[in-house]
Amino acid sequence: MKAGLNPLSILFAAGCLMVLAGCQKQVEKNMPSPVAMTEEAVGHFCQMNILEHPGPKAQIHLEGLPYPLFFSQVRDGIAYERLPEQNYNINAIYVSDMSTAISWDDVGYENWIPAATAYYVVASDKTGGMGASELVPFSDQDDAKKFATRHGGQVMRLDDISDALVLNSAPIAPSAKTRETAAAPDSDDYRARLEKLRKD
């Protein structure tokens with residue numbers, strides 16, 4: 001007798017998928033909305049007007065705080081989330097959507113996307129607002145690939161970007177899939193900003 005697909009198994013699997021999809025929508029629905037950048041927005045690490053810096057930005061919403069923390073670079077925001085000392089509950093992380101940005105210098109005030117959904121170009125020749133290596137986020141994978149073709153780097157999802165790439169100041173060995181070498185900045189300023197965050 002040939003084993004066939006059990007109709008009940010198919011219905012059960014479909015039901016599980018619907019529940020999972022509903023849970024994902026519920027999580028996104030409960031996320032606080034992103035906040036538009038204004039002249040009052042300052043970078044969490046640098047304490048400077050975020051609009052004065054080119055390149056994509058990040059904002060992190062912490063539980064219990066009415067306003068997000070802004071970051072002059074996406075990489076700084078992801079570093080904040082991954083710091084071992086970071087013990088606040090994070091409700092949401094948003095990054096600038098470079099798929100809808102006018103230019104590197106004008107990334108937009110309101111075009112935010114959830115960090116987890118973005119496609120990132122890692123190890124390109126573009127540096128972020130604080131002059132360090134940047135993780136360049138796009139909502140559209142094709143836009144990310146085009147950017148990588150023009151500026152170098154590799155397209156990755158957030159979960160695939162290692163902590164070492166975000167936090168370490170030493171050069172990162174290239175992966176087997178790329179000849180690019182991703183190097184985090186060896187910068188006293190960057191280390192000082194991380195240390196200040198640890199103490200705050």
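**Entry 1: a term to settle before starting**

I take a residue as buried when its relative accessible area is under 20%, as exposed when that area is over 50%, and as partly exposed in between. I began with Pro114, which has 25% relative accessibility and therefore counts as partly exposed. I keep in mind throughout that this is a predicted model.

**Entry 2: Pro114 and its surroundings**

I located Pro114 in strand S4, which covers residues 112–114. Setting aside the neighbours within four places in sequence, I found Pro114 in contact with Met31, Ile93 and Tyr94. I also looked up the distance from Pro114 to Ala58, and their C-alpha atoms are separated by 9.7 Å although the two are 56 residues apart along the chain.

**Entry 3: the overall layout**

I then stepped back to the whole protein, which has five helices and seven strands, and read their order from the N terminus as α-β-β-α-β-β-β-β-α-β-α-α. Of the 200 residues, 42% count as buried. The accessible surface comes to about 11,700 Å², and 54% of that area belongs to carbon and sulfur atoms. Among contacts with a separation of 6 or more, 62% are between residues 24 or more positions apart.

**Entry 4: Lys57**

I noted Lys57 in the loop between helix H1 (7–30) and strand S1 (58–62). Which side chain of opposite charge is nearest to Lys57, and how far away is it? I found that it is Glu134, at 7.5 Å, and that Lys57 is buried yet has no salt bridge. The cut-off I apply for a salt bridge is 4 Å between a side-chain nitrogen of Lys or Arg and a carboxyl oxygen of Asp or Glu. What the side chain of Lys57 does reach is the backbone oxygen of Gly55, at 2.5 Å. Leaving aside neighbours within four places in sequence, I listed the contacts of Lys57, among them Met37, Ile50, Phe71, Val74, Tyr94 and Trp112.

**Entry 5: helix H2 and the salt bridge**

I turned next to helix H2 (residues 74–82), where eight of the nine residues are buried, so the helix is largely enclosed by the rest of the structure. The buried residues of H2 include Val74, Arg75, Asp76 and Arg82. How many salt bridges does the rule give? The count comes to one, and I traced it to Asp163 and Arg82, whose closest N and O atoms are 3.0 Å apart. Because Asp163 lies in helix H4 (residues 163–167) and Arg82 in helix H2, the pair ties together parts that are 81 residues apart in sequence. I checked the cover of each partner: Asp163 is partly exposed, with a relative accessible area of 41%, whereas Arg82, at 17% relative accessibility, counts as buried.

**Entry 6: strands S5 and S6**

I closed with strand S6 (residues 133–138), which is mostly covered, five of its six residues being buried. Strand S6 runs antiparallel to strand S5 (residues 119–127), and five bridges join the two. I looked up one of the pairings and found that Tyr120 has Pro137 in S6 as its bridge partner. In this hairpin, five residues stand between the strands, and Gly131 takes a positive phi near 80°.

Technical notes. Residues numbered from 1 in each chain as written. Predicted model: local features only at pLDDT ≥ 70, side-chain atom pairs only at ≥ 80, totals over all residues. Heavy atoms only, no water. Helix = DSSP H or I, 4+ residues; strand = E, 2+ residues; numbered from the N terminus. Buried < 20%, exposed > 50% of the residue type's maximum accessible area, 1.4 Å probe, protein only. Contact = heavy atoms within 4.5 Å. Areas by Shrake-Rupley, 256 points an atom, 1.4 Å probe, with all protein chains shown as cover. Lys, Arg positive; Asp, Glu negative; His and termini not counted. Polar contact = N/O pair within 3.5 Å; in protein donor to acceptor, adjacent residues only side chain to side chain. Pairing = 2+ DSSP bridges.
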